[in-house]
Amino acid sequence: MLEVFRRLGSVQFDPLAIAGRTHDLALHARVADYDPAWCDRLYERREIFEAYNKGLSLVPTSEFPWFRGNVSRNAPRTLAENADVAARVLERIRADGALSALDFERERGPTTDWFGMPTNAVRAVLEAYAVTGVLGLARRDGNRRYYDLLERLLPADVLARKLPLEEQLRHKLLSRYRAHGLLGVGGGGDVFGGLGPAKPDERWPGYPGRNALRDELVERGDLVPVEVEGIRGKRLVVSEDVELLEAPPNPPPSVAFVPPFDPIVWDRRLLGSLFEFEYVWELFVPPAKRRWGWYVLPIVFRDRFVGRIEPRIDRAEARVDVLGVWWEDGFAPRRADGFVDAMRDALRAYLGFAGADRLAWAPHLGTEKRLLLTQP
């Protein structure tokens, strides 16, 4: 698991647990026999910690000095506009220890703008303090977050290490390239979110912008420009991955289910042009307009995206409901050498991951059930 964190730099966190939490799914796709309790234990031992890197992410605690800095303008503004609430929240936490937003009954009335959404002032202040490195997540109780002073949560030597903001942002930029593997100079959505503007901007005085940081990484040899046959635009890989391009390993005959925030699906345009796979997370699409389903996981076999699956974990019944399976055009499961056995192995592994002992297939999936049945 720690090797995955080292390779990816960080693993994006999301508490939604329909098919499993997204960070657990990302680890499950890469670590044999992965058990979500393993990640929870690392978190409880403070070997990994929550920080912001393209959204809330889990990072190795030893790397926290590189993830402390940010160029957020929203968080300082939120603290300034709610100065009285912010002062009282910090005073209470300093005196009483870890608290959640629900522990501030008196403050729960006002709302404020937080990333474009009207949000309870206490919650916005707590999250802003976390973004700016004053508070950290002490623990979670379900989806309820408890915040405490960073000095109570992390080792003194980690907190004592101070790095220039540009070095921190350069490190985080490099981590995006390391995690995805083949990003370009631009990216859709929030691929480079939290790293400030691409070019110098008077609103960020003294900051040269992402393009300058990227050019430095290329000049130092940390990033290597590459061209992909048939794909427009320059792509960049981290230097340690160049040998994989020079002598590519044979893709293993295994199946992985990929979560919505997995690095491999960050660049939707590349998925379409390189893998001929259209990925849309339909969580926010009205049900009547969905082509696939609400929480659907792409299926990867060897080096191809071959389909999608919509599993839903019923923990009370120790069951996984398979609500839908969609194969890509031109992919025939029976004709793909090794696929059926690999898919069966993946489903068995997913049952263990989910803490379930049986699959329940939707009525319209009779063909898939007969093909992939993993138990009597």
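**Close-ups of cavities, a pocket and helix packing**

By class, the largest cavity is lined by 11 nonpolar, four polar and three charged residues. All the views here come from a predicted model.

**View 1. The largest cavity holds about 150 Å³.** Of its 18 lining residues, Glu50, Ala51, Tyr52, Phe64 and Ala130 sit closest to the centre. Strand S2 (48-52), helix H4 (64-67), helix H7 and strand S6 (135-141) each give two or more residues to this lining. S2 chips in the largest share, with four residues.

**View 2. The second largest cavity has a volume of about 90 Å³.** A search of the whole structure turns up two cavities of 30 Å³ or more. Here 14 residues make the lining, and Val11, Gln12, Phe261, Pro263 and Trp266 lie nearest the centre. Strand S1 (11-12) and helix H2 (22-28) each supply at least two of the lining residues, with H2 giving the most, at three. The class split for this cavity is six nonpolar, six polar and two charged.

**View 3. The largest pocket encloses about 1700 Å³ of space.** It is lined by 47 residues, and those closest to the centre are His180, Ile264, Phe275, Arg302 and Asp303. Elements giving two or more residues to the lining include helix H1 (2-8), helix H9 (165-180), strand S10 (255-257) and strand S12 (304-314). Helix H13 (339-354) is also on that list, and H13 gives the most, with four residues. Sorted by class, the pocket lining comes out as 31 nonpolar, five polar and 11 charged residues.

**View 4. Helix H5 (residues 74-81) meets helix H7 (residues 121-131), their axes coming within 9 Å and crossing at roughly 135°.** The two helices are therefore oblique to each other, and H5 passes H7 in a left-handed crossing. On the H5 side, look for Ala75, Thr78 and Leu79; H7 answers with Ala124, Val125, Ala128, Tyr129 and Val131. That makes seven nonpolar residues, one polar and no charged ones in the contact.

**View 5. Helix H6 (residues 83-96) packs on H7 at about 70°, with the axes 10 Å apart.** That angle makes H6 roughly perpendicular to H7. H6 passes H7 in a right-handed crossing. Val85, Ala86, Ala87, Val89, Leu90 and Ile93 of H6 touch Val122, Val125, Leu126 and Tyr129 of H7. What classes of residue make this contact of H6 with H7? There are 10 nonpolar residues, with no polar and no charged ones.

Definitions and conventions
Residues numbered from 1 in each chain as written. Predicted model: local features only at pLDDT ≥ 70, side-chain atom pairs only at ≥ 80, totals over all residues. Heavy atoms only, no water. Axes fitted to C-alpha atoms, helices over the stretch in contact; angles between N-to-C directions. Parallel < 35°, antiparallel > 145°, perpendicular 65-115°, else oblique. Left-handed = near helix turned anticlockwise from the far one by under 90°. Contact = heavy atoms within 4.5 Å. Nonpolar A, V, L, I, M, F, W, Y, C, P; charged D, E, K, R; others polar. 1 Å grid on protein atoms, 1.4 Å probe; cavity = no way out; pocket = protein on both sides within 12 Å on 5 of 7 lines; lining within 4 Å. Points joined across faces, edges and corners; volume = space filled by probe spheres on them.
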